[in-house]
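Please take a look at the chain shown below. The report that follows walks through its strands and loops.

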Amino acid sequence: MPRFLKFIINIVILSALLLISVQVWAQDWRPVRGGIPFGIGGIALIEQQSDTLNFMIVHDNKQKNQGRLAIISIKGKNQPEYFPLNWPSNIELPIDLEALTSVPEKTKSSFITLSSSGKAYYIRLEPAKKTISVLKEFNLPGITPGNNFEAFGLQNIDGKLVAIWADRGAGEQPATIFWGVFDLAKYQITLAGSAKLKVPFPSGNVRHISDIKVDSVGIVYITSASDAGDDGPFQSAVYVAGYLGLRGNKIAWQQNPQFVPFYRSNYHKIEGIELVPGAEGGVVVGTDDENLGSYVYIVGGSS
């Protein structure tokens, strides 16, 4: 199927999701936990059952007595239940986790989380026991001094496992999107390219990319966010940033020439995004609202 046709089909599907009333969710922002240590830096779906959605989230904490990972469970219209996960005692605590993605597979039990420095952790979740193990630690390719990574996504595209990640950018400095092929057997990403990106909203203290996800046909979604301090005010937006696909035998990036925010908030700092398929799914976002804690929201539902 031609790339342009894929893009159009996906936009139609996205528009439908934004218009469908999602009955299992109360269409308000749902508080997860209060306070700076519980901000959501990344979010990934674990399991979707009937009217229950289970997610793993990461916190960007730096102190030893602060959590790094947790599970949140959302049942019907109830508020999220929060279950902290202990980091394995035999692995050094990560510093400043900013992104989380599932590894595409049937079991939905493997994830990769990324720190702002570009160090990644391949982890395995035991959902029943609510425990994790770290299978491998590795670094992103092409890290340069000053990089500040806030986004990482994985997807099977045209038979290849493609990784996409981003340095967030700041203010007039654009974000940088990177992409490459991920060899899971070697825990190695082969860098294939990069591109600069700036969003029109928010402005001011903006992080042009605060998270990123890519769907199964290669459409790339990003969140952007800004804040003026630990008490806000905050602003955020969600965009379709472009398309990743094969051109010949190489991964090609086609950037959206005009960034249209299909969701925006003047009250929250969105730093996590996940794509949940099906009639009870949607574009799910999580926030790091500093002193105000964290919230989750499904974009496009009706009240």
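## A covered strand and its hairpin

Strand β19 covers residues 270-276 and is mostly covered, with 6 of its 7 residues buried. This is a predicted model.

The partner of β19 is strand β20, residues 282-287. The two run antiparallel and are joined by 6 bridges. One bridge pairs I273 with V285 in β20. Together β19 and β20 form a hairpin, with 5 residues between them. The turn holds G278, whose phi is positive at about 95 degrees.

## The chain overall

The chain has 303 residues, and 55% of them count as buried. Its secondary structure comprises 1 helix and 21 strands. The accessible surface comes to about 13100 Å². Carbon and sulfur atoms account for 51% of that surface.

Contacts also reach across the sequence. Take those between residues at least 6 apart: 52% join residues at least 24 apart.

## An open sheet of four strands

Strands of a sheet pair through backbone hydrogen bonds, either parallel or antiparallel. Here, an open sheet of 4 strands runs in the order β10-β11-β12-β13. Its pairing is antiparallel. Why do β10 and β13 each have one side without a neighbour in the sheet? β10 (149-157) and β13 (188-197) stand at the edges, each with a single partner strand, so one side of each is left free of a neighbour in the sheet. From one strand to the next, the twist averages 20 degrees.

β10 pairs with β11, residues 160-167. These two strands run antiparallel, joined by 8 bridges. Within this pairing, I157 has K160 of β11 as its bridge partner.

## Cis peptide bonds

Which residues does a cis peptide bond join? F201 and P202 are one such pair, with omega about 0 degrees. P202 sits in the loop between β13 and β14 (206-214).

G232 and P233 are also joined by a cis peptide bond, again with omega about 0 degrees. P233 lies in the loop between β15 (219-227) and β16 (234-247).

## Positive phi outside glycine

K130 is not a glycine, yet its phi is positive, at about 55 degrees. K130 belongs to the loop between β8 (119-126) and β9 (131-139). Is K130 buried or exposed? K130 is partly exposed, with a relative accessible area of 34%.

Y187 is another residue other than glycine with a positive phi, near 50 degrees. Y187 is placed in the loop between β12 (175-183) and β13. Its relative accessible area is 23%, so Y187 counts as partly exposed; the buried class lies under 20%.

How values were computed: Residues are numbered from 1 along each chain as its sequence is written. This is a predicted model: local features need pLDDT of at least 70, side-chain atom pairs count only at pLDDT 80 or more; totals for chains, interfaces and linings use all residues. Side-chain values use heavy atoms; hydrogens and water are left out. Buried means under 20% relative accessible area, exposed over 50%, partly exposed in between (1.4 Å probe, protein chains only). Contact means heavy atoms within 4.5 Å. Accessible areas come from the Shrake-Rupley method with a 1.4 Å probe; for residues, only the protein chains shown count as cover. Two strands pair if DSSP finds at least two bridges between them. Axes are lines fitted to C-alpha atoms, for helices over the stretch in contact, and angles run from 0 to 180 degrees between N-to-C directions.
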